[in-house]
Amino acid sequence: MPAEDSRDEPHAPDRIGTGGEPGAPAASPRPHVVIAGAGFGGLQVARGLADAPVNVTLIDRHNYHCFQPLLYQVATATLSPADIAWPIRHILSRQSNITLLMARAEGVDRARRELLTSEGPLRFDYLVLATGATHSYFGHEEWARFAPGLKDIEDATQLRRRILLAFERAEVASAPETRRRLLSFAIIGGGPTGVELAGSIAEISRHALAPDFKRVDPRTARILLIEAGERLLPALPERLSTHARARLEAMGVEVLTGRPVIDIGPDHVTLEGGESLPVSTKIWAAGVRASPAAQWLGAETDRAGRCRVEPDLSVPGEPDIFVIGDAAAITDREGKPVPGIAPAAKQMGSHVARVIAARLAGTPAPGFRYRHAGDLATIGRNAAVVKLGRFELTGFLGWMFWGVVHVYFLVGVRNRITVAMSWLWNYLTYQRAARLITGDVEPAPVRELGPDPASLHPPA
């Protein structure tokens, strides 16, 4: 990282929460770049402008950057939240042309050139919306209460609490049918997140938890992976998809493909055709929708709500406003939609930084060209599928490659060492060190205790 004395002094952002006129321009004559969202894309824009003659303000509703590809390992007690997150201020602490604000983006006033935030309006010369995506329940938002998704640290810790509580409540339940329901887990969606969650829950129930319970056997847990399409991991070749399914089934996961979900309740999942499955814990991994960035701008969207952008990632008719990452809809050279994955967001962030720098220098900038590095997903211990161009890896080699890639792209040396050592410990001992049930735990509903909760006693 360049030394601090190689740039101008830190600037004061346009007046936000300072008591002055809302949106008043800053004293500095340098252009003001405002970035909403400190995910992979937003962080890459900020870093790419480190040496540009601009003042940068980066806002995010959290004070940390989260490595989302490993959220499922927090949800399944493999890693702790601090292992995959790092304070944004520390990441950018040596970048002197940036101001960081903890705030929530709420809209855009195009006429006044202001980003509207929870802390007040923020005037910009260039605006980058990297506001990501959230869960999509395809018009059934009421399902969110029963089947939460996985997008941030709060989601992950909530899912960890639900998963571990299911085993704890099964331990005190007296009715066999109640235990079976409590020990049933349904993951809805057969993409990488769904596959990784199913494999990880299978491992924790078969290995880490098995020796610790006396009245119930965690190895009897029923794990369902439900996919509406005809196969898992549709972005991968069919051979790898078939391999992933076979490995999951060998681990005890029941894979149901071609079975759309039509209803989700507190104790069940209903499939097309009317089959109702008694399930206590449901996890949604079936779809996402973009943040409302396009709505803020009044721009055209695709079916997922993503903003259609120009080849340079700017908004049509607004050359100084950019949308990137999961909030942007753009195609690659072959006409295929650019996927909503971390490498794509990082490439978009780097490109926007180059475009802004080129405009300030008065030079032309090329359009965005996405370079797909490959697809990969882990299934479980010694099992993963990897597609890199013409090369394919499975089994132990694929699993090792997956691990090396994820450790390499973590932010911070400490996180890389911590995650690598945690994985080594888990591999050698079959243990999960982050098995903590945190937050307020409500008493179990009466239906989860069976007909006679007073009859609890150790087994003979």
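Rings of Phe, Tyr and Trp, the last by its six-membered ring, count as a pair if their centres lie within 6.5 Å. The views below come from a predicted model.

**View 1. Phenylalanine 40 and phenylalanine 67 meet as an aromatic pair.** The structure holds 10 aromatic pairs. This one is edge-to-face, at 5.7 Å centre to centre and 75° between the planes. The pair links distant parts of the chain, 27 residues apart. Phenylalanine 40 belongs to helix H1 (residues 40-48). Phenylalanine 67 sits in the loop between strand S3 (64-66) and helix H2 (71-75). Both rings' residues are buried.

**View 2. Tyrosine 408 and phenylalanine 409 form an edge-to-face pair.** The centres are 5.0 Å apart, with 85° between the planes. Tyrosine 408 is exposed, because its relative accessible area is 59% and the cut-off is over 50%. Phenylalanine 409, at 40% relative accessibility, counts as partly exposed.

**View 3. Arginine 381 lies over the face of tyrosine 427.** The distance to the ring centre is 4.0 Å.

**View 4. Four strands form an open, parallel sheet.** The order is S13-S12-S11-S17. Strands S13 (253-257) and S17 (281-284) are the edges, each pairing on one side only. Neighbouring strands are turned by 15° against each other on average, direction ignored. Strand S11 (residues 184-188) pairs with S17 over four bridges. Isoleucine 188 has tryptophan 284 of S17 as its bridge partner. Trp284 also belongs to an aromatic cluster with Tyr137, Phe138 and Trp143.

**View 5. Helices H4 and H6 lie across strands of the sheet.** Helix H4 (residues 153-172) crosses S11 and S17, running at about 155° to S17. Helix H6 (residues 192-208) lies across S11, S12 (222-227), S13 and S17. Helix H6 runs at about 175° to S12.

Definitions and conventions
Residues are numbered from 1 along each chain as its sequence is written. This is a predicted model: local features need pLDDT of at least 70, side-chain atom pairs count only at pLDDT 80 or more; totals for chains, interfaces and linings use all residues. Side-chain values use heavy atoms; hydrogens and water are left out. Rings of Phe, Tyr and Trp (its six-membered ring) pair if their centres lie within 6.5 Å; planes under 30 degrees apart count as stacked, over 60 as edge-to-face and the rest as tilted. Helices (H or I, at least four residues) and strands (E, at least two) are DSSP runs, numbered from the N terminus. Buried means under 20% relative accessible area, exposed over 50%, partly exposed in between (1.4 Å probe, protein chains only). A charge sits over a ring if NZ of Lys or CZ of Arg is within 6 Å of the ring centre and within 35 degrees of the ring normal. Two strands pair if DSSP finds at least two bridges between them. Axes are lines fitted to C-alpha atoms, for helices over the stretch in contact, and angles run from 0 to 180 degrees between N-to-C directions. Contact means heavy atoms within 4.5 Å.
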